[in-house]
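Q: I'd like a close look at one part of this model, with the terms explained as you go. Please keep it friendly, as I'm still new to this.

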Amino acid sequence: MRWFQGVLVAVLGLTCIAQVKQKGEEKEAATSPQQTIQQSTAPSAQQPPLASPSRFREEQKLRTAPQFVLNGPEVKRSVERFVAWAGATHIEEAETVRKSIANVKENREIATALCDYAFESAKVDHARTLVSLALLGEMRHPAGQECLRRFVHLPFPEKGTIVDGEIIEQTNLAMLQAKAVDGLAYLHDPKADEEVLWAASKHPSRVVRAEAIDAYLWNHGDSAQAREQLARVVRPDEKIFLDRIRRVQGENAESFNRKLDGYLKSHPDRLPPKPEQQAKKVTKRPQTMDRAAQERLAQDRVAQPVKPTEPPAQ
Amino acid sequence: MKKKSGLIVLMLLTLLGTGFSQNCAQTRASQADSDLWNTHGCWNAFFLWQYQAYDLRSGDWNNRGWDDACNMDKEYPKHWNASYLVTYGLQDNNQFSFHGTVDYRGTSERWGNNYHDSIYHAPVDNNGIFGQFVTHIFGSNEVDTSCPLYDPNVAPNANPASRGGDFMHEGWHAWMDKYNWNNGSCGGHRCGPTGNCSTTNCDYFYFHGIGAYAFGAMWENNGSASRFHSPNQVQVEYLCDVADYPQPWVPASVRLAARADANQRAAQRFINGPGYSCGNPRPW
């Protein structure tokens with residue numbers, strides 16, 4: 001096996017040398033003062049330049065809400081078109097979306113198609129699924145209720161890809177199930193509320209439990225009675241979620257800050273400890289460098305723009 | 001996540017890894033990415049500024065849309081799409097926003113400033129991380145972003161709000177590096193699960209009111225917990241500002257994704273959590 005190890009070391013060594021050289025050349029090309037960034041390394045596109053986004057957006061605002069097809073085989077496609085449109089809407093169009101949904105709130109076929117689309121999208125497009133679930137929740141149709149209940153009970157994955165310490169398939173599903181819980185709570189229906197209380201206490205994800213608590217409270221006007229109901233079921237170590245600060249649109253600084261002060265006074269255990277300073281780091285750019293290092297550093301500094309530049313005006 | 005460079009072996013392994021690994025899949029964009037994209041229609045004046053403002057280098061972004069900057073399926077266009085949101089997407093409302101565009105731009109752009117020493121942005125092909133901050137002895141430090149922020153088949157974070165959120169997270173590791181703060185030994189975080197943090201990379205939430213930081217002052221600290229930020233906190237506050245106080249043209253899909261990410265992170269990542277909850281839970 002010794003010959004094999006020798007060959008392996010040689011191959012790895014040669015590869016490293018080649019790559020170090022290549023990286024060096026790339027860096028040289030990118031930082032050489034003779035070749036300005038604009039001339040040598042600017043990205044490029046294969047389409048003609050656009051005048052400005054503000055004008056582009058003005059043209060887009062002319063689009064109107066797509067109409068739902070109320071029955072038949074075209075319902076599915078009309079729902080998909082509506083989801084695509086709704087996802088792109090601006091804040092000022094929120095009421096238009098709500099009204100469009102309210103206009104079809106009795107339509108089982110549309111609710112079912114929205115439900116199917118949410119399930120279909122769940123593994124391929126997180127944002128599209130959020131939009132579909134949000135519309136279904138806003139619709140408040142009994143078929144939607146059943147669908148949201150099924151969604152919240154989708155089996156929670158126990159294994160998957162670990163990204164930064166979390167199983168990403170769990171986080172993905174939990175965020176979607178949290179949105180489904182929002183829809184259940186918004187129904188203001190005793191059966192749906194039971195599901196929300198179940199989610200607040202027994203759902204395997206803390207993300208869903210936290211959202212269920214928040215949604216239940218909000219949909220019951222943050223009443224003392226709702227708090228009591230929740231307090232009876234939530235996990236003892238998660239009672240803090242009953243007092244969690246919610247930042248909502250339109251709430252001014254004074255109101256938010258008052259709530260925050262109250263929260264920290266009632267829960268002094270939530271105050272973080274003093275941050276830790278670490279030992280003074282080694283000087284980032286040591287004075288005792290060889291000529292090659294000095295050269296690299298000089299080139300790098302030349303490549304930095306003297307001053308930050310401002311982005312183009314829209 | 002924070003990484004220290006310097007070990008030659010590690011550097012060699014990294015170089016080898018870069019050489020042999022495949023790029024992340026670049027076959028499509030999420031609805032949130034394409035909805036945001038359709039608000040600017042591929043504005044070339046912006047990406048010609050952005051690559052300099054984020055110090056993107058052609059060698060790093062080749063085969064990722066560098067020469068196809070209007071193809072939103074590719075990583076480089078997705079990177080500048082997220083920058084577009086950071087640069088123009090917030091209301092900067094003194095009465096409501098946690099921080100201002102000046103703070104978020106200062107954290108994510110390249111230039112050495114009050115927020116960090118100079119940085120450059122590069123892509124890495126690693127499904128195990130969202131991003132990382134790497135210090136270098138010579139030249140700028142490095143902010144890497146990875147597949148889960150680009151490929152919608154891999155993670156829910158493949159949307160412009162979460163990608164920008166990661167610019168803030170990694171940028172805040174750069175802030176900690178600049179001012180010598182020790183945020184823990186697990187990739188620049190406290191090791192978890194611990195306290196109310198259910199993942200392995202945990203932070204503290206340094207609660208502060210609205211208006212506690214003037215716009216442009218997010219970098220300030222007073223050496224105590226009363227005026228300080230952690231990487232996950234800056235990320236949550238950025239996502240909250242996108243979700244609740246964006247410019248009117250920011251699409252609904254981006255706002256929904258921002259809120260969902262902010263709230264899951266606030267519920268899971270803080271030892272003294274939960275952090276604030278963003279937005280009301282009305283479905284639409």
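A: Let's begin with a word you'll meet often: a residue is buried if its relative accessible area is under 20%, exposed if over 50%, and partly exposed in between (1.4 Å probe, protein chains only). What you have on screen is a predicted model, where local features need pLDDT of at least 70, side-chain atom pairs count only at pLDDT 80 or more, and totals for chains, interfaces and linings use all residues. Residues are numbered from 1 along each chain as its sequence is written, chains are lettered from A and ligands numbered from 1 in the order in which they are written, and side-chain values use heavy atoms, with hydrogens and water left out.

The part to zoom in on is the disulfides of chain B and what lies around them. A disulfide here is a pair of cysteine sulfur atoms within 2.5 Å, and that rule gives six of them over all chains. Count the bonded cysteines along chain B, and they pair up as 1-4, 2-3, 5-6, 7-8, 9-10.

Take Cys197(B) and Cys202(B) to start with. Their sulfur atoms sit 2.0 Å apart in a disulfide, and both residues are buried. The angle about the S-S bond is -80°, making this link left-handed.

Now go to Cys240(B) and Cys278(B), another disulfide, with 1.5 Å from S to S. Cys240(B) belongs to helix 8 of chain B and Cys278(B) to strand 8 (residues 277-278), so this pair ties together parts that are 38 residues apart in sequence. (Helices are DSSP runs of H or I with at least four residues, strands are runs of E with at least two, and both are numbered from the N terminus.) Cys240(B) counts as buried because its relative accessibility is 0%, and Cys278(B) is buried too, with 0%.

Helix 8 also helps you find His208(B), which lies in the loop between strand 7 (201-202) and helix 8 (231-244) of chain B. This histidine counts as buried because its relative accessibility is 4%. Its side chain makes a polar contact of 3.0 Å with that of Glu237(B). A polar contact is a pair of N or O atoms within 3.5 Å; within protein, one must be able to donate a hydrogen and the other to accept it, and residues adjacent in sequence count only if both atoms are side-chain atoms. Plain contact just means heavy atoms within 4.5 Å. Beyond its neighbours within four places in sequence, His208(B) is in contact with residues of chain B, including Tyr213(B) and Tyr276(B), and with Phe256(A) and Leu260(A) from the other chain.

While you're here, check the backbone. Most residues other than glycine have a negative phi, and most peptide bonds are trans. The bond from Gly192(B) to Pro193(B) is cis, with omega near 0°, and Pro193(B) is in the loop between strand 6 (190-191) and strand 7. Gly273(B) and Pro274(B) are joined by a cis peptide bond as well, with omega about 5°. You'll find Pro274(B) in the loop between helix 9 (252-268) and strand 8.

Next, look across to chain A. Pro275(A) sits in the loop between helix 13 (253-266) and strand 4 (276-277) of chain A, and is buried at 9% relative accessible area. Leaving out neighbours within four places in sequence, its contacts are with residues of chain B, among them Trp181(B), Tyr206(B) and Phe228(B).

Those touches belong to a wider interface. The contact takes 118 residues from chain A and 128 residues from chain B. About 10,500 Å² is buried between the chains, with carbon and sulfur atoms giving 55%; this is the accessible area (1.4 Å probe) that the two parts lose on being put together, summed over both. There are eight salt bridges across it, each a side-chain nitrogen of Lys or Arg within 4 Å of a carboxyl oxygen of Asp or Glu. One of them joins Arg247(A) and Asp244(B), at 3.2 Å from N to O. On the side of chain A that touches chain B, the largest share, nine residues, comes from helix 7 (residues 126-139).

Finally, here's a link in chain A to set beside the others: Cys115(A) and Cys147(A) form a disulfide, with 2.2 Å from S to S. That link is right-handed, with 90° about the S-S bond, and both of its cysteines are buried.
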